[in-house]
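Biologist: I'd love to go through the charged pairs with you and hear the reasoning behind each label. Shall we look at the model together?

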Amino acid sequence: MHYWVRASASDFSGTLPQPRSGHTAVPIGKSKVVVFGGLLDKKFLSDIAVYDIENKLWFHPECTGNGSDGQIGPSPRAFHVAVAIDCHMFIFGGRSGSRRLGDFWVLDTDIWQWSELTSFGDLPSPRDFSAASAIGNRKIVMYGGWDGKKWLSDVYVLDTISLEWMELSVTGALPPPRCGHTATMVEKRLLVFGGRGGGGPIMSDLWALKGLIEEENETPGWTQLKLPGQPPSSRCGHTVTSGGHYLLLFGGHGTGGWLSRYDIYYNDCIVLDRLSAQWKRLPIGNESPAARAYHSLTHIGSRYLLFGGFDGKLTYGDIWWLVPEEDPIAKQFIESPPKNLPDNKDVAAGNNIQSALKESQSKNSAIAELQRRLGLSVSVSGTGLQIIDESEDKEFIELGSRLIGERVSSNEQDSLSQIIEMLRDHWRKSTPSSIPLKELGPLLHDYQRLISCHHLGNGGSDFQLIESCLSGKEAYKFYHLKNVSQLRMDDIPKLLAEYKKILPQ
C-alpha cells in the first residue's frame, strides 16, 4: 500500500518553486533534484529551482554561463527534454511561444554553470514534446516529438563526451509518429508509451527499442509489447518513472469517450512490473492529488516527488510525496490524517506553495486572493459570473418544454414553475451516464442558480463562497465555470452529486 501526502511549506527550508507545467525535474545522483523551465499563464520560464534532498532545502542558484548570443543560460521554454549524466544536466529543444527550439545546453550542477554546446553529426531538427533517456553514464537517446508541421518517429543518440549526434537507422516495423509520450531506458531497451500521434489520436501502445548498447551488437529494431494485466488508458503528457523493479506511470490526459471534444485528465498510478512483465494498479490508501498532465514525478529513494502540472484549467504549484506505508511520512499521515482540507480536485497547493503572483491586499479581487493563498495560476478573465434567471434561460425552458410535452412561454408563470419542478426532479433521478450532452449546459446553469440563491442570496459574498469551499464546509467546485465546455468527463458525476445535494427538498 502507498499513500499520497501533500507537502507543506513548513516541510522545507528556502523558497519553493512557483507553479508551472511542461517543466523538467531531474535527479542529480542522490543529493538533489533540479527543476528547469516550464509554462505559467502563457509565460515561458527559464529559472532553476533545486531541492537539496538531505537538507530538505529548496534554493535558486545564481548560475553563470555564456551562450552564442551572450546570454547566461537557455532562453525561457517548456516541453523540452532534460537528462542527467553524473553532475551534468543536458537540455535540448522545447517551445517558446509558437517557436520550436533546437539548441543544446548543459548545466554543471557542481558550479552552476551553463554552457551552450556546439554538436555535430546528424543534428536533430527543432522540436517540442519529445522524450529522452540516459543510456548508461555517457549517452542519451531521444525519440519523436513535434516539429510544428509533423509528428516525428526518429531516434537520435548523443555521445555526451564527443558531442556527436547519430540518427539511428531502424529496420522493420516502426511505432506511429508521436509527441507527448514517454521514453524510458530499462536495462538494454528503450520503452516508449502513449503520446499523441498523426491526425491527433491519443495512443496507449507500448514499444521496445533494441540495439542501443554497442557491446550487444544488436541490429536496432522496434517491438510492440502487449502485456497482460490492467494497462493504462490512452494518454499523453503523463510521466513514467523508474523505481526498483517497476516503472510507475502517473497522470496525463486523454479524450473523454462520448465527450470526445473534451480532454480528461488522470491521477491514477499504474505499475509496469518488470519481474512479472505485466501492468498492475498501484494500491493507494487515500485520496490522490488533483488529476493533471505535464507535471514532474521524480524518484528519491523509496519516495516519489510530484510537482506542478496542468489540468486544462489550473496550473499547479503543489508538492506531493508518494510513499510506501512503512515510510515515516505515511505513518504520520495514518496516525493523524489532515482535517478540513479542501478537495484537491480543483484546488491545488493548499499549503501556501509560493506562486509567481504578487500578494494582493485588495478586497474586491477574490480570485487574486485565492491565487495568493493557494499558490496556483487560475486562467480566469474577470471574476464576475452572470447568473441567469430561469425565465431568461432559453435552453432550460426549451429542455423543460420537451420533457413536459408542450411549448411553454417564459411569461406563463404556472407552466414555468412546472418546468422547473419537472426538470429538477428529472435530474434528481438521473445518473451521470444517462444525461445527454445537450442537458449539461442547462444543468450547470441551474446548479449555479441554486448556489446563488442558497449562499449569495442570503447575504454572502463571492469571496465568502470561496472561503467556505476552502474551509471544507461546502464544496461548490463548479460554481465559477463560465460555460459547459470547461467540464471534463470525470467532472460530470461530481457535478450531478453536488447538484442533488443543493436541490430544494
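**Reasoning through the salt bridges**

Modeller: Gladly! Arginine 428 has a relative accessibility of 32%, so the label here is partly exposed. Do keep in mind that this is a predicted model.

Biologist: Why is arginine 428 called partly exposed?

Modeller: Buried would need a value under 20% and exposed one over 50%. Arginine 428 comes out at 32%, therefore partly exposed is the term that fits. Aspartate 425, at 29%, is partly exposed by the cut-offs of 20% and 50%.

Biologist: And what makes arginine 428 and aspartate 425 a salt bridge?

Modeller: The closest N and O atoms of arginine 428 and aspartate 425 are 3.7 Å apart, and the cut-off is within 4 Å, so the pair counts. Both residues lie in helix α4 (residues 413-428), three residues apart, about one turn of the helix.

Biologist: How do you know that arginine 449 and glutamate 390 form a salt bridge?

Modeller: Their N to O distance is 3.9 Å, which is within 4 Å, so the label applies. This pair links distant parts of the chain: arginine 449 sits in helix α5 (residues 440-454) and glutamate 390 in the loop between β34 (377-378) and α3 (394-404), 59 residues apart.

Biologist: Is that arginine 449 buried or exposed, and what about glutamate 390?

Modeller: Buried means under 20%. Arginine 449 has 4%, so buried is right, and glutamate 390, with 15%, is buried too. Both belong to a network of salt bridges that also links Asp393, Arg424 and Asp446.

How values were computed. Residues are numbered from 1 along each chain as its sequence is written. This is a predicted model: local features need pLDDT of at least 70, side-chain atom pairs count only at pLDDT 80 or more; totals for chains, interfaces and linings use all residues. Side-chain values use heavy atoms; hydrogens and water are left out. A salt bridge is a side-chain nitrogen of Lys or Arg within 4 Å of a carboxyl oxygen of Asp or Glu. Helices (H or I, at least four residues) and strands (E, at least two) are DSSP runs, numbered from the N terminus. Buried means under 20% relative accessible area, exposed over 50%, partly exposed in between (1.4 Å probe, protein chains only).
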